[in-house]
Every structure is written in structure tokens, then in C-alpha cells.
Amino acid sequence: MKQHIAIYPGTFDPITYGHIDVVERAAELFSRVIVLVARNTSKAPLFTDDERITMIREIFRDRRRITVDGFDGLLVDYARRKKAHVLIRGLRAVSDFEYEFQMALTNRKLAPTIDTVFLVPHEQYTYLNSSIVREVARLGGDVSDFVPPNVRRRLMAKLR
Ligand code: COA
């Protein structure tokens with residue numbers, strides 16, 4: 001395969017087992033995966049950029065080929081800077097498609113040499129998203145099936 005670096009961008013507020021499943025799949029396909037905490041201008045995250053980056057770094061601490069970064073600009077500019085030609089996105093259900101399709105085509109218009117690769121997470125995680133995790137945690141529910149222990153601890157500390 002010509003391309004070796006893939007960027008997996010998202011808000012990750014917080015990262016869940018569903019996202020982790022996508023990272024693991026990407027790591028099987030590409031020699032380097034950058035998990036990128038990026039800004040979605042329509043979201044006001046619970047965790048700061050640094051907190052989200054730290055949580056993800058803790059999870060992939062022992063994985064040399066998986067790195068974590070943050071960026072507050074256009075995704076394609078970051079990709080160009082890293083000389084990456086692949087963006088990874090997860091597709092959980094048909095409902096994800098329209099938004100993902102729009103983003104992929106916009107990114108392609110902005111940077112024709114950069115492609116979006118869609119990966120399908122394990123069906124066990126199709127219902128998951130970060131908002132649901134935050135809501136369950138806020139209401140005192142157990143989120144240990146949804147997020148790793150380090151994320152659960154930080155969620156509890158944040159919402160206490
Ligand atoms: N498992 C669990 N949940 C998942 C998931 C998976 N595999 N894949 C997506 N989700 C959830 C996320 O948790 C998130 O849930 P939430 O809405 O409850 O927070 C939702 O699905 C989608 O969010 P996410 O994957 O984080 O993407 P996003 O839509 O917030 O991120 C960016 C979009 C950050 C990638 C995009 O805004 C971006 O590229 N920003 C940079 C600026 C830019 O270049 N803009 C132009 C883009 S065309």
C-alpha cells in the first residue's frame with residue numbers, strides 16, 4: 001500500500017470503546033494512525049482539548065504506531081502538514097452516512113489528493129456515541145461497558 005499514515009479525527013468527548021474499535025481496525029491497515037482531537041464548531045465539549053488528548057494517550061500508551069494529537073483548524077491542512085492522504089471515519093449506521101458523505105466530499109473538494117476511508121466498528125458498538133455516555137454518567141449510570149476505566153474515572157470526577 002502506498003499510503004502509510006492515516007488520520008482519525010473526531011471530537012472524542014469522550015473516546016468510547018466504539019472509537020477504540022475503529023482505531024484498532026485502522027492500525028491493522030496503516031503503518032501509522034494519528035488520532036486527532038479536532039474541533040467540531042457545532043459542539044461545546046465537556047472535556048478540554050488537553051483532557052481528551054490525555055485520555056486517548058493513556059489508552060494507546062503502549063502502541064508505538066498510534067499517536068494522539070490535537071488541532072484547531074481545517075482537517076485537510078493538518079493532513080497536508082503530516083503528509084497524510086487518508087482520513088478515517090467510522091460508519092455505524094445508515095444515519096451516519098449523509099453527514100459523513102458531505103464531510104468526505106467537502107474535504108475532497110478542499111484537498112483532492114486526500115481520501116476518506118470508512119471503517120465499520122463492531123456491531124456491539126453501533127448504538128454508542130459520546131453524548132449517550134455523558135448522559136448515562138451524569139445520571140449516575142454505569143458506563144464501564146462503554147468506556148475504558150481511565151475515561152470512566154475522569155467522567156465521574158468531572159461530573160461529581
Ligand atoms: N463509536 C462510538 N461513537 C462514535 C463512533 C464510534 N465508532 N463514531 C462516531 N461516534 C459518535 C461520536 O461519539 C459523536 O457523538 P456525539 O455527537 O454524541 O458527541 C458522533 O458520533 C460523531 O462525532 P465524531 O465522530 O466525534 O465526529 P464529529 O462529527 O464531532 O467530528 C470533525 C467532526 C471534528 C472530524 C469535523 O468537525 C472536522 O473535521 N473538524 C475540523 C474542521 C474542519 O476541517 N471542518 C471541515 C470538515 S468538512
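A crossover is termed right-handed if, with the strands pointing away from the viewer, the path from the first strand over the helix to the second runs clockwise. In the predicted model described here, a β-α-β unit of this right-handed kind is made by β4, helix α4 and β5. Strand β4, comprising residues 86-90, pairs in the parallel sense with strand β5, comprising residues 115-119, and the pairing extends over 5 bridges. Within this pairing, glycine 90 has leucine 119 of β5 as its bridge partner. The connecting helix, α4, covers residues 94-110.

A further right-handed β-α-β unit is formed by β2, helix α2 and β3, with α2 covering residues 49-59. Here, too, the strands are parallel, as β2 (residues 32-38) and β3 (residues 66-71) pair in that sense over 6 bridges, and leucine 36 finds its bridge partner in aspartate 69 of β3.

The ligand sits in the largest pocket of the model. The elements that contribute two or more residues to the shell around the ligand are β1 (5-10), α1 (17-29), α4 and α5 (130-138). Of these elements, α4 gives the most, with 4 residues, and this helix is also the one that lies between β4 and β5 in the right-handed unit described above. In the surroundings of the ligand, which number 26 residues, those that come nearest are Thr11, Lys43, Leu75, Ser130 and Ser131.

Several polar contacts to the ligand can be listed individually. An N or O atom in the side chain of lysine 43 lies 2.7 Å from an oxygen atom of the ligand, and an N or O atom in the side chain of asparagine 40 lies 3.1 Å from a ligand oxygen atom. At arginine 39, by contrast, the backbone is involved, with one of its polar atoms 2.9 Å from a nitrogen atom of the ligand. On its own the ligand has 930 Å² of accessible area, of which the protein covers 87%.

The loop between β1 and α1 holds two backbone features of note. Phenylalanine 12, which is placed in this loop, has a phi near 50°, a positive value in a residue other than glycine. Proline 14 is likewise placed in the loop between β1 and α1, and the peptide bond that joins aspartate 13 to proline 14 is cis, with omega at about 0°. The two elements that flank this loop, β1 and α1, are among those that give two or more residues to the shell around the ligand.

Definitions and conventions
Residues are numbered from 1 along each chain as its sequence is written. This is a predicted model: local features need pLDDT of at least 70, side-chain atom pairs count only at pLDDT 80 or more; totals for chains, interfaces and linings use all residues. Side-chain values use heavy atoms; hydrogens and water are left out. Two strands pair if DSSP finds at least two bridges between them. A residue is near a molecule or strand if one of its heavy atoms lies within 4 Å of it. A polar contact is a pair of N or O atoms within 3.5 Å; within protein, one must be able to donate a hydrogen and the other to accept it, and residues adjacent in sequence count only if both atoms are side-chain atoms. Accessible areas come from the Shrake-Rupley method with a 1.4 Å probe; for residues, only the protein chains shown count as cover. On a 1 Å grid over the protein atoms alone, a cavity is a set of points where a 1.4 Å probe fits but cannot get out, and a pocket is an open set with protein on both sides within 12 Å along at least five of seven lines; lining residues have an atom within 4 Å of a point. A molecule sits in a cavity or pocket if more than half of its atoms lie within 2 Å of its grid points.
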